[in-house]
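Please open the model in your viewer and keep the selection panel at hand. The stops below go from the cysteines to a sheet, then to a whole chain, and end at the DNA.

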2 protein chains.
Amino acid sequence: MSQPTICPKFEKAISILSQKWTALVIYQLLLGTQRFSEIQSTIGISGKVLADRLKDLENQEIVKREVIPETPVIIEYSLTEKGKTMEPIIRDIEKWSQLWFEEDTDVQ
Amino acid sequence: MSQPTICPKFEKAISILSQKWTALVIYQLLLGTQRFSEIQSTIGISGKVLADRLKDLENQEIVKREVIPETPVIIEYSLTEKGKTMEPIIRDIEKWSQLWFEEDTDVQ
DNA sequence: AAATTAAGTTACATAAAGTAAGTTTATGGG
DNA sequence: CCCATAAACTTACTTTATGTAACTTAATTT
């Protein structure tokens with residue numbers, strides 16, 4: 001007998017969100033446009049992995065990259081419309097976390 | 001100047017959900033109680049990693065493990081109350097995926 | 001006693017993430 | 001002109017996570 005199968009669209013979404021750091025990057029960008037170094041120091045991700053994630057998210061059209069020709073050059077990252085529609089997901093995670101991790105001691 | 005910091009409860013929730021396979025395991029268990037081998041063959045995870053994930057989720061009290069003393073022994077996994085309250089998160093991901101990945105060809 | 005079955009576990013291989021130093025590009029100072 | 005500075009990466013290398021396939025355990029049934 002054949003196994004039930006998982007919707008490929010859902011699997012795709014999950015594969016994006018289950019990459020380490022992706023959800024935190026999106027969470028940060030929900031606060032508004034940010035620069036590479038801001039994201040990096042706020043969430044504590046390495047430059048290498050952040051560059052990777054931002055490229056992936058750009059390819060997925062979740063994040064938009066803008067070059068500001070100042071000196072030294074500044075890059076601004078922000079969410080696209082597609083990215084902004086992920087807000088309910090992030091907010092639900094936020095709400096759930098507040099509900100179920102009461103004390104700091106629960107969080108290790 | 002000090003960097004803004006991320007809520008540790010939120011980070012904790014994210015660290016659970018951003019592990020590979022975790023969301024898919026929970027998604028499966030939202031369908032009801034399932035056995036190890038059912039989860040394994042439906043989502044296509046290796047036995048090793050599934051055993052890991054189920055242990056983690058049990059420790060987090062998201063999943064409940066029940067031994068059915070038949071022969072050979074059967075283990076039933078299901079969501080706890082805490083686990084069930086993750087449903088909105090999973091449903092939002094599902095909705096978002098349906099909205100933004102229109103064609104199978106988008107999904108690689 | 002050998003075979004069967006579910007739920008793992010183990011040993012080993014590959015892929016992903018972490019770390020720290022280096023690169024690029026554009027100025028502004030000496 | 002040459003050196004320093006600063007932001008955004010990149011590279012080389014190490015450590016951790018995941019994948020693969022064979023093996024283990026325990027209770028039957030043949």
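Select the cysteine sulfur atoms across all chains: with a disulfide taken as a pair of such atoms within 2.5 Å, the count in this predicted model is zero. Cys7(A) is partly exposed at a relative accessible area of 25%, and Cys7(B) is likewise partly exposed at 28%, where buried means under 20%, exposed over 50% and partly exposed in between, using a 1.4 Å probe and protein chains only.

As for conventions, residues are numbered from 1 along each chain as its sequence is written, while chains are lettered from A and ligands numbered from 1 in the order in which they are written. In this predicted model local features need pLDDT of at least 70, side-chain atom pairs count only at pLDDT 80 or more, totals for chains, interfaces and linings use all residues, and side-chain values use heavy atoms, with hydrogens and water left out.

Next, show the strands of chain B, where helices (H or I, at least four residues) and strands (E, at least two) are DSSP runs numbered from the N terminus. They include an open, antiparallel sheet of three strands in the order 1-3-2, and strands count as paired if DSSP finds at least two bridges between them. Strand 1 (34-35) and strand 2 (63-68) of chain B stand at the edges, because each has a single partner strand and so one side without a neighbour in the sheet. Strand 2 of chain B is joined to strand 3 (residues 74-79) by six bridges, and Ile68(B) stands opposite Ile74(B) there.

Now select chain A, which has six helices and three strands, arranged along the sequence as α-α-β-α-α-β-β-α-α. Of its 108 residues, 44% are buried.

Finally, select DNA strand D and the residues near it, meaning those with a heavy atom within 4 Å. Of these 20 residues, Lys55(A), Arg65(A), Tyr77(A), Lys48(B) and Arg53(B) come nearest, and sugar and phosphate make up 68% of the strand D atoms within 4 Å of the protein. Helix 4 of chain A gives the largest share of this surface, four residues.

For polar contacts (here pairs of N or O atoms within 3.5 Å), a phosphate oxygen of DNA strand D is 3.4 Å from a side-chain N or O atom of Arg35(A). Turning to chain B, a polar side-chain atom of Trp21(B) lies 3.1 Å from a phosphate oxygen of DNA strand D, whereas the side chain of Thr71(B) has an N or O atom 3.4 Å from a sugar or linking oxygen of that strand.

Notes: Polar contact = N/O pair within 3.5 Å; in protein donor to acceptor, adjacent residues only side chain to side chain.
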